[in-house]
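Dear colleague,

I am handing over the structure we spoke about, and my notes on it follow below. Please look through the sequence and the model before reading on.

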Amino acid sequence: MANETSDLIDTLYEKDNSIQSENIPQRIIRKSPKAKYQIFDESEFTRGREVLGDLIVHGMIASGGTDIDWLIEHKGGFVILEFKGFHNDKINIAKGQMIAYEKLHEKLNQTTKCYLYVVGCDDIDFSNPDSTVWIFEMGQWNAGIIPKNTSDIYSKEASTKNKFIVYREYMDEISVEKLRDLVDSHWKEFEKITL
C-alpha cells in the first residue's frame, strides 16, 4: 500500500509539473555557434578599408572622420548602435561624431522613429548571451541624464575640445541577450509602421 501511495503521489506530482511547465513560456537564449553575418573575404575587406584610407592625404584641409557601427532600417524606422571601448571606466566620443548623432537622431525622429544607442564594452565575447555591456540612448543624452563632460572629473587632465567623456556609472548595465532583445523589440515596433 505504501508503494502504491508513493507511486500515486509521484504520478500526480509529475502530471502537475508538466501542466505547470506547459503554461510557462520558455525563454529562448540565443547562443549561436556563429554570427548571423560573417566577413567572407577578410583580405578584400581589409583592402577596401586601406583604399578608403588613401582618400585622405597630407595637404588636405579636411580631417577626422568616423563611421556608424551598426545602422538598422526596417519599414522606415531606425536603430543605430555606436560601440565604444572602456578605458578606466569611461568612454570617449568625438564631439563631431556626437553632434552628427544628435542631428541625425533629431531629424529622423521628426518623420519616423529612431533609437540611437551608445554601447560601452570591455573586452567582450558577444557570442556569450550573459556578457555585460553598458548603454545609453540618445534621448537620455538630450535630456541631460548623461553628463556632457569634456574633461575627466576624476583626474587633473586638462579639458579637451574635441571629445566627450562618459562614465560607466551613468550608463545602464545589460547583458548581450538583453541588448539583442532590445533591438528585436524595436524591429517588432517598426513592424506596425505603415508606409
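Isoleucine 124 counts as partly exposed, because its relative accessibility is 24%, and here, as throughout this message, please bear in mind that the model is a predicted one. The residue sits in the loop that runs between strand S4 (114-121) and strand S5 (132-137). Setting aside residues up to four places away in sequence, isoleucine 124 touches Ser131, Thr132, Val133 and Val176. Glycine 85 is 39 residues from isoleucine 124 in sequence, and the C-alpha to C-alpha distance between the two is 9.8 Å.

The loop between S4 and S5 also holds phenylalanine 126, whereas phenylalanine 83 lies in strand S2, so the pair they form ties together parts that are 43 residues apart in sequence. Their rings are edge-to-face, at 5.9 Å centre to centre and with 85° between the planes. Phenylalanine 83 counts as partly exposed because its relative accessibility is 25%, and phenylalanine 126 is likewise partly exposed, with a relative accessible area of 35%.

A second aromatic pair is that of phenylalanine 136 and tryptophan 141, which is stacked, at 6.0 Å centre to centre and with 20° between the planes. Phenylalanine 136 counts as buried at 1% relative accessibility, and tryptophan 141 counts as buried at 0%, since the cut-off for buried is under 20%. Ring pairs also bring in Phe164, so that Phe136, Trp141 and Phe164 are linked into a cluster.

Turning to the interior, the largest nonpolar core has 19 residues, of which Ile91, Ile93, Met98, Phe136, Trp141, Val166 and Met171 touch the most other members. At least two residues of this core come from each of strand S2 (77-85), strand S3 (90-94), helix H3 (95-111), S4, S5, helix H4 (138-142) and strand S6 (163-167). Apart from this core lies another, of 14 residues, among them Ile72, Val119, Cys121 and Ile174. As general background, nonpolar side chains tend to be buried together in soluble globular proteins. Leaving aside neighbours within four places in sequence, the contacts of phenylalanine 136 include Leu116, Tyr117, Val118 and Ile146.

Finally, the second largest pocket encloses about 150 Å³ of space. Its lining is made up of Arg49, Leu52, Gly53, Leu55, Ile56, Gly64, Gly65, Thr66 and Asp67, which by class gives 3 nonpolar, 4 polar and 2 charged residues.

With kind regards

Terms used
Residues are numbered from 1 along each chain as its sequence is written. This is a predicted model: local features need pLDDT of at least 70, side-chain atom pairs count only at pLDDT 80 or more; totals for chains, interfaces and linings use all residues. Side-chain values use heavy atoms; hydrogens and water are left out. Helices (H or I, at least four residues) and strands (E, at least two) are DSSP runs, numbered from the N terminus. Buried means under 20% relative accessible area, exposed over 50%, partly exposed in between (1.4 Å probe, protein chains only). Contact means heavy atoms within 4.5 Å. A nonpolar core is a set of buried Ala, Val, Leu, Ile, Met, Phe, Trp, Tyr and Cys residues joined through side-chain atoms within 4.5 Å. On a 1 Å grid over the protein atoms alone, a cavity is a set of points where a 1.4 Å probe fits but cannot get out, and a pocket is an open set with protein on both sides within 12 Å along at least five of seven lines; lining residues have an atom within 4 Å of a point. Grid points are joined across faces, edges and corners, and a volume is the space filled by probe spheres set on the points. Ala, Val, Leu, Ile, Met, Phe, Trp, Tyr, Cys and Pro count as nonpolar, Asp, Glu, Lys and Arg as charged, and the others, Gly among them, as polar. Rings of Phe, Tyr and Trp (its six-membered ring) pair if their centres lie within 6.5 Å; planes under 30 degrees apart count as stacked, over 60 as edge-to-face and the rest as tilted.
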